[in-house]
Amino acid sequence: MDLAAFLAPGVHPVYRVGNPSEDGPWGHLLCRPDGRVSWVAREPAPTGDRLVLTLKVPGYRLDVDGALAEAMGPGPDPGAWVVLTGEVRGCRLFQDRHYLLRLAGLVRILDP
């Protein structure tokens, strides 16, 4: 999935599926204006682990077939929640307390 096609540049919170989000997001997705993205996590992830993550795509909604479509009209909080999975290919310390992850095979999981 080309996340840069759907997300505006900025910082987007990411939640790990199966972990409670009481402490806030598990990490963040940094989208740059040039289309590059970086995954930043609060904790390290071992190489080879498969992560299942959710993130909200502001300004979009989910169609019946699961496709993302631009939200039209004044909705209360337009945004589609998507579930992604990817394998950790690398993890390194980033800015003292965070970890920069490199994910491979990133795909979107559609609801059955």
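How many bridges join strand β1 to β4, and in which sense do the two strands run? In this predicted model, strand β1 covers residues 10-16 and is joined to β4 by 3 bridges, the two strands running antiparallel. Within this pairing, Tyr15 stands opposite Thr54 of β4. In general, the strands of a sheet pair through backbone hydrogen bonds, and the pairing is either parallel or antiparallel.

The pairing of β1 with β4 belongs to a closed barrel of 6 strands, whose order is β1-β2-β3-β8-β7-β4 and whose pairing is antiparallel. From one strand to the next, the twist averages 40°.

Strand β4 also pairs with β7. Strand β4 spans residues 50-58 and strand β7 spans residues 79-94; 9 bridges join them, and they run antiparallel. One of the residue pairs along this edge consists of Lys56 and its bridge partner in β7, Trp81. On to the next strand in the barrel order, β7 pairs with β8, residues 98-109, over 10 bridges, again in the antiparallel sense. Here Thr85 has Val107 of β8 as its bridge partner.

Thr85 itself lies in strand β7. With a relative accessible area of 9%, which is under the 20% limit, Thr85 counts as buried. The side chain of Thr85 is joined to that of Arg50 by a polar contact of 3.3 Å. When neighbours within four places in sequence are left aside, the residues in contact with Thr85 are Arg50, Leu51, Val52, Gly105, Leu106, Val107 and Ile109. Arg50 and Val107 thus appear in this list, Arg50 also through the polar contact and Val107 also as the bridge partner.

The connection between β7 and β8 was examined next. The two strands form a hairpin with 3 residues between them. Gln95 lies in the loop between β7 and β8, and its phi is near 55°, a positive value in a residue other than glycine. Asp96 is found in the loop between β7 and β8 as well; it is not a glycine either, yet has a positive phi of about 70°. Both residues count as exposed because their relative accessibility is over 50%: the value is 59% for Gln95 and 69% for Asp96.

Aromatic rings were considered as pairs. Such a pair is described by the distance of the centres and the angle of the planes. The count comes to 2 aromatic pairs. One of them is formed by Phe6 and Tyr60, with 5.3 Å from centre to centre and 75° between the planes, an edge-to-face arrangement. This pair links distant parts of the chain: Phe6 is in the segment before β1, Tyr60 is in strand β5 (residues 60-62), and the two are 54 residues apart. Phe6 has a relative accessibility of 26% and counts as partly exposed, whereas Tyr60, at 16%, is buried.

Cysteine residues were also examined. The structure holds 0 disulfides. Cys31 is buried, its relative accessible area being 8%. Cys91, by contrast, has a relative accessibility of 29% and counts as partly exposed, because this value lies between the limits of 20% and 50%.

How values were computed:
Residues numbered from 1 in each chain as written. Predicted model: local features only at pLDDT ≥ 70, side-chain atom pairs only at ≥ 80, totals over all residues. Heavy atoms only, no water. Pairing = 2+ DSSP bridges. Helix = DSSP H or I, 4+ residues; strand = E, 2+ residues; numbered from the N terminus. Disulfide = S-S within 2.5 Å. Buried < 20%, exposed > 50% of the residue type's maximum accessible area, 1.4 Å probe, protein only. Axes fitted to C-alpha atoms, helices over the stretch in contact; angles between N-to-C directions. Phe/Tyr/Trp six-rings, centres within 6.5 Å; stacked < 30°, edge-to-face > 60°. Polar contact = N/O pair within 3.5 Å; in protein donor to acceptor, adjacent residues only side chain to side chain. Contact = heavy atoms within 4.5 Å.
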